[in-house]
Amino acid sequence: MSILLPANLQQCPSPSLSPSTPLFSPCPSTAFSFGRTRLRCLRLVTSCVASVQSTVANGSVPAPAVVVEREQIRLGLPSKGRMAADSIDLLKDCQIFVKQVNPRQYVAQIPQLPNTEVWFQRPKDIVRKLLSGDLDLGIVGLDTLSEYGQENEDLIIVHEALNFGDCHLSIAIPNYGIYENINSLKELAEMPQWSEERPLRVATGFTYLGPKFMEENGIKHVTFSTADGALEAAPAMGIADCILDLVSSGTTLKENNLKEIEGGVVLESQAALVASRRALTERKGALNTVHEILERLEAHLKADGQFTVVANMRGNSAQEVAERVLSQPSLSGLQGPTISPVYCKQEGKVSIDYYAIVICVPKKALYESVKQLRAVGGSGVLISPLTYIFDEETPRWGQLLRKLKI
Ligand SMILES: Nc1ncnc2c1ncn2[C@@H]1O[C@H](COP(=O)(O)OP(=O)(O)OP(=O)(O)O)[C@@H](O)[C@H]1O
Ligand SMILES: O=P(O)(O)OC[C@H]1O[C@H](OP(=O)(O)OP(=O)(O)O)[C@H](O)[C@@H]1O
Ligand SMILES: [Mg+2]
């Protein structure tokens, strides 16, 4: 891999960091950090057209020619950061227990999957190691996958919505000064301030996706600087005009007087299960392992959004009760209501006056469903959590086989 810098990289004087530094300093400072090389106070002057080439900072690794033989399937999990605990917790919820003796131990076993070992790595390294063949499966954010995977065909998304790590990658600009009335990417691009000599300066850790997005949106006069964190400070420091970073609650933007703009969202992200195509097609046992993990994930995630609702309903027959229940839009359950007779003994005689109905209801629609049940004569409504829903086959399994062309 090589560091790809525009040929016409020029040096500029050190910046003034005084509070009076204008937002539009004519010769601003940027710091490009590529691996261990830190090039300070360099300014890209003519290469304002976004470059989509690989860099050392995020360069994708070509898949190896052969799959190296080994006994174990390797699953990469985030070793630190906000995704680490959530990944382990999700697997635990699927009855997959990762046995990590202490947090500094970077390899762990899973008793439920004896042919699989866990390797804890930084999210970006999980993507790199999937590409190099050192990992077979991994859990990472879709943002990290896109940034470091760079659409490499060896990377396959097995489950794209693991229900944690929700955030989006978005452009944010100051909400003051010359940006006060700028509310869209188009308006930002059309500001007269940007030229070949004075491009729009974007601070971002996403040095692949950032330039690609700008190029796709036809924004020509743009240049990028990068840093490892706290990017939201860059505009106020006079280092950049805008930032491209992850947003979740929006608090960090708000606290730094920044705002998002229409058309400025590069991607929506959450945690995903990713695999190496080579591993799935060529490594013995990998496909079986991914099938089991996928089934467990789907069963848990599907159930996680639902409640089981049990209610008694007076009626003359199961058919008649079913017709009443199905007249309500929120009561059809996953396939339809299960209806069973409730046998009561009165004065020595067994009779059926009630039917018990069981349905699954989306958590979001809970109260609406209770109201609808009452409206058709339901009483004694019991609600309990659902733990797993195993379908006949998970739809994502079929999709995976199609992606693998098997
Ligand atoms: N504010 C956020 N809210 C929710 N998820 C986020 C947020 N920021 C990042 N993420 C998700 O979590 C992943 C890991 O982010 P995290 O901040 O833990 O590590 P990192 O940014 O890679 O490393 P570091 O911040 O230590 O340099 C991101 O790739 C993204 O998918
Ligand atoms: O919208 P919010 O909920 O405020 O979250 C957004 C912030 O979270 C991430 O930073 P992180 O906490 O990972 O710190 P970092 O800059 O050191 O990576 C991201 O880079 C934003 O700065
Ligand atoms: Mg972070």
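These are my notebook entries on two ligands, two loop residues and a surface patch.

**Entry 1: before starting**

I'm working with a predicted model. I decided to begin with the ligands and then move to the protein itself.

**Entry 2: ligand 1**

I looked up who sits around ligand 1 and found 13 residues. The closest are Lys80, Arg82, Asp143, Thr144 and Ser248. Sorted by type, the shell around ligand 1 has three nonpolar, six polar and four charged residues.

Next I checked the polar contacts. In the side chain of Arg82, an N or O atom is 2.8 Å from an oxygen atom of ligand 1. Asp143 has a polar side-chain atom 2.6 Å from an oxygen atom of this ligand. For Ser248 I noted a polar side-chain atom 3.2 Å from a nitrogen atom of ligand 1.

How much of ligand 1 does the protein bury? On its own, ligand 1 exposes 610 Å², and the protein buries 69% of that. I also wanted to know which elements give two or more residues to the shell around ligand 1, and I found helix H1 (82–93) and helix H3 (142–149).

**Entry 3: ligand 2**

On to the second ligand. Its surroundings include Arg82, Glu232, Asp245 and Ser248. I had already met Arg82 and Ser248 in my list for ligand 1. Also around ligand 2 is a run of names from the chain, among them Ser249, Gly250, Thr251 and Thr252. I split the shell around ligand 2 by type too: three nonpolar, six polar and three charged residues.

Then came the contacts. A polar side-chain atom of Asp245 is 2.8 Å from an oxygen atom of ligand 2. Ser248 uses a polar backbone atom here, 2.7 Å from an oxygen atom of ligand 2; with ligand 1, I had written down a polar side-chain atom of Ser248. Ser249 has a polar side-chain atom 2.6 Å from an oxygen atom of ligand 2.

I looked up the cover as well. Alone, ligand 2 has 500 Å² of accessible area, and the protein covers 65% of it. Strand S13 (242–247) and helix H7 (251–255) are the elements giving two or more residues to the shell around ligand 2. Which element gives the largest share of that shell? I found that S13 does, with three residues.

**Entry 4: two loop residues with positive phi**

I went looking at backbone angles next. Asn257 isn't a glycine, yet its phi is positive, near 55°. I found Asn257 in the loop between H7 and strand S14 (258–269). H7 is the helix I had noted beside ligand 2.

Glu347 isn't a glycine either, and its phi is also positive, at about 50°. I placed Glu347 in the loop between strand S17 (338–346) and S18.

Is each one buried or exposed? Asn257 has a relative accessible area of 41%, so I put it down as partly exposed. Glu347 counts as exposed because its relative accessibility is 86%.

**Entry 5: a nonpolar patch**

My last lookup was on the surface. Tyr343, Val350 and Ile352 make a nonpolar patch of about 310 Å². Ile352 lies in strand S18, residues 349–362, and S18 is one end of the loop that holds Glu347.

Why can Ile352 belong to a surface patch? Patch residues need over 30% relative accessible area, and Ile352 has 34%, so it clears that cut-off while being only partly exposed.

Methods:
Residues are numbered from 1 along each chain as its sequence is written. Chains are lettered from A and ligands numbered from 1 in the order in which they are written. This is a predicted model: local features need pLDDT of at least 70, side-chain atom pairs count only at pLDDT 80 or more; totals for chains, interfaces and linings use all residues. Side-chain values use heavy atoms; hydrogens and water are left out. Patches are made of residues with over 30% relative accessible area and no salt bridge: like charges are joined within 9 Å, nonpolar side chains (Val, Leu, Ile, Met, Phe, Trp, Tyr) within 5 Å. Accessible areas come from the Shrake-Rupley method with a 1.4 Å probe; for residues, only the protein chains shown count as cover. A salt bridge is a side-chain nitrogen of Lys or Arg within 4 Å of a carboxyl oxygen of Asp or Glu. Helices (H or I, at least four residues) and strands (E, at least two) are DSSP runs, numbered from the N terminus. Buried means under 20% relative accessible area, exposed over 50%, partly exposed in between (1.4 Å probe, protein chains only). A residue is near a molecule or strand if one of its heavy atoms lies within 4 Å of it. A polar contact is a pair of N or O atoms within 3.5 Å; within protein, one must be able to donate a hydrogen and the other to accept it, and residues adjacent in sequence count only if both atoms are side-chain atoms. Ala, Val, Leu, Ile, Met, Phe, Trp, Tyr, Cys and Pro count as nonpolar, Asp, Glu, Lys and Arg as charged, and the others, Gly among them, as polar.
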